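Please read the following report alongside the sequence and the coordinates. It is organised by topic under short headings.

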Amino acid sequence: MTQQRRKPRAFKGQQQLREWRLSVICNFKNLMMPKTCLPPTGMPPLSALEIRTSKPTSQRRSLGNWSRNADSDKTELLAGQRKSAAFWTFEYYQAFFDVDTYQVLDRIKGSVLPLPSKNFVRLYIRSNPDLYGPFWICATLVFAIAVSGNISNFLVHLGQPQYHYMPEFRKVTIAATAIYSYAWLVPLALWGFLMWRNSKVMNIVSYSFLEIVCVYGYSLFIYIPAAILWIIPIEWVRWITVLVAMCLSGSVLVITFWPAVRDDHRRIAIATISAVIILHALLAVGCKAYFFDAPQIEVPGVSGSIASVPRFC
C-alpha cells in the first residue's frame, strides 16, 4: 500500500488538478512550518526545489502578460509605429531635445576638429538630430560676446579720467538677435534652396531642415572661446583668433554642404558655397568689429582726453 501511494499517477480531471494545487500549498506550509499540513492521499510529495520554482497560476499569467506587453511596446517603438504628438504640444518638441551628454560632446568635438573625409551630418547628426546643442551653444555665445564686449570696453578705457564705465545691457539683445537670426534664417533659406534644386536635379544630396540647423548651431561653438580671447586688448591677437575660428567653423559648413551641391551646375554650386562662406565671415567680422572695437574721439574742450561715443542712441 505504501508503494502504491508514493507511485505518481497521471492527473485526470479538475478534481485531481485541485488536489495537486492543494499539495503545492501544503508542501510550502510544511517547508515553512513543518507538520502543519499533509498532502492529499495518493498525491506524490514535492521536493523543496519544486516548491521554490513553482509559481501560482495567476502570477505566471500576470508576468507573462507584462512580458508580452513590454515586448510589444519595445517592438512598436523600434518600428516607429507610435503616433506622433501634435506640433502645438510639448511632447512634439521633446523629441528634438532627446540627446545625452556624450552625443553633444562628440558633436562639439567634430565641429571643432573637422576632417575633410568625414561628413558632419552623416557621422554625427543623421542618427539623432537635436536642438538641445544648437540652442544652448547660441545662448552661451550670446552672453559670451555681450559680457566680453563690456569687459573689453572697460579695459580699453581703464585709467582715463573722463571715462565712466556704464554696462551696456542692450548688447545682449543685439547679440541674441544677430546670432539666433543667423542660426535659423540662414539654414531655412539654404534648406529651401536645396529643396528647389533637388526638384531640378534628382541626384542632389538632400538634408532636412533640422539637420541643417544642427550643423549651423554646432559650428558656432568655436566662437565661444574666441569671444573670450577677444577681451585681450591687442588687435592682431583678436584678428588671428577671428581667422582661426572662422576657418574651423567654415570648414564644417563647406565639408557638409559641398556634397549636396557638387552634382549641380558648376556655377550654382560655387555660388552656393560662396554665399555660405560670405555670410559666415560677415557674422564673425561683424561681431568682432561691433562689440570689441569701441570708437574713440577726443572730447571737445578737454585737451588730451579720450572718451567713447555711446553706440545706442
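The sections below cover the basis of the model, the annotated regions, the nonpolar core, one helix and the cysteines.

## Basis of the model

This is a predicted model, in which local features need pLDDT of at least 70 and side-chain atom pairs count only at pLDDT 80 or more, whereas totals for chains, interfaces and linings use all residues. Residues are numbered from 1 along each chain as its sequence is written, and side-chain values use heavy atoms, with hydrogens and water left out.

## Annotated regions

An unreviewed UniProt entry annotates "transmembrane region" over several spans, including 131–152 and 239–261; such annotations may be inferred rather than shown by experiment. Residues 131–152 are 95% helix and 0% strand, with end C-alpha atoms 31 Å apart, while residues 239–261 are 100% helix and 0% strand, with their end C-alpha atoms 31 Å apart. Helices here are DSSP runs (H or I, at least four residues), numbered from the N terminus.

## Nonpolar core

The largest nonpolar core (buried Ala, Val, Leu, Ile, Met, Phe, Trp, Tyr and Cys residues joined through side-chain atoms within 4.5 Å) has 49 residues, and Leu220 and Trp230 are among the members that touch the most others. Elements giving two or more residues to this core include helix 8 (132–156) and helix 13 (266–292).

## Helix 13

The buried residues of helix 13 (under 20% relative accessible area, 1.4 Å probe, protein chains only) include His280, Leu283 and Lys288. These buried residues pack against helices 8, 9, 10, 11 and 12, contact meaning heavy atoms within 4.5 Å. Leu220 touches His280 and Leu283, among others.

## Cysteines

Cys138 counts as buried at 2% relative accessibility, and Cys214 is buried at 0%. The structure holds zero disulfides, a disulfide being a pair of cysteine sulfur atoms within 2.5 Å.

Methods. Buried < 20%, exposed > 50% of the residue type's maximum accessible area, 1.4 Å probe, protein only. Lists of a residue's contacts leave out its neighbours within four places in sequence.
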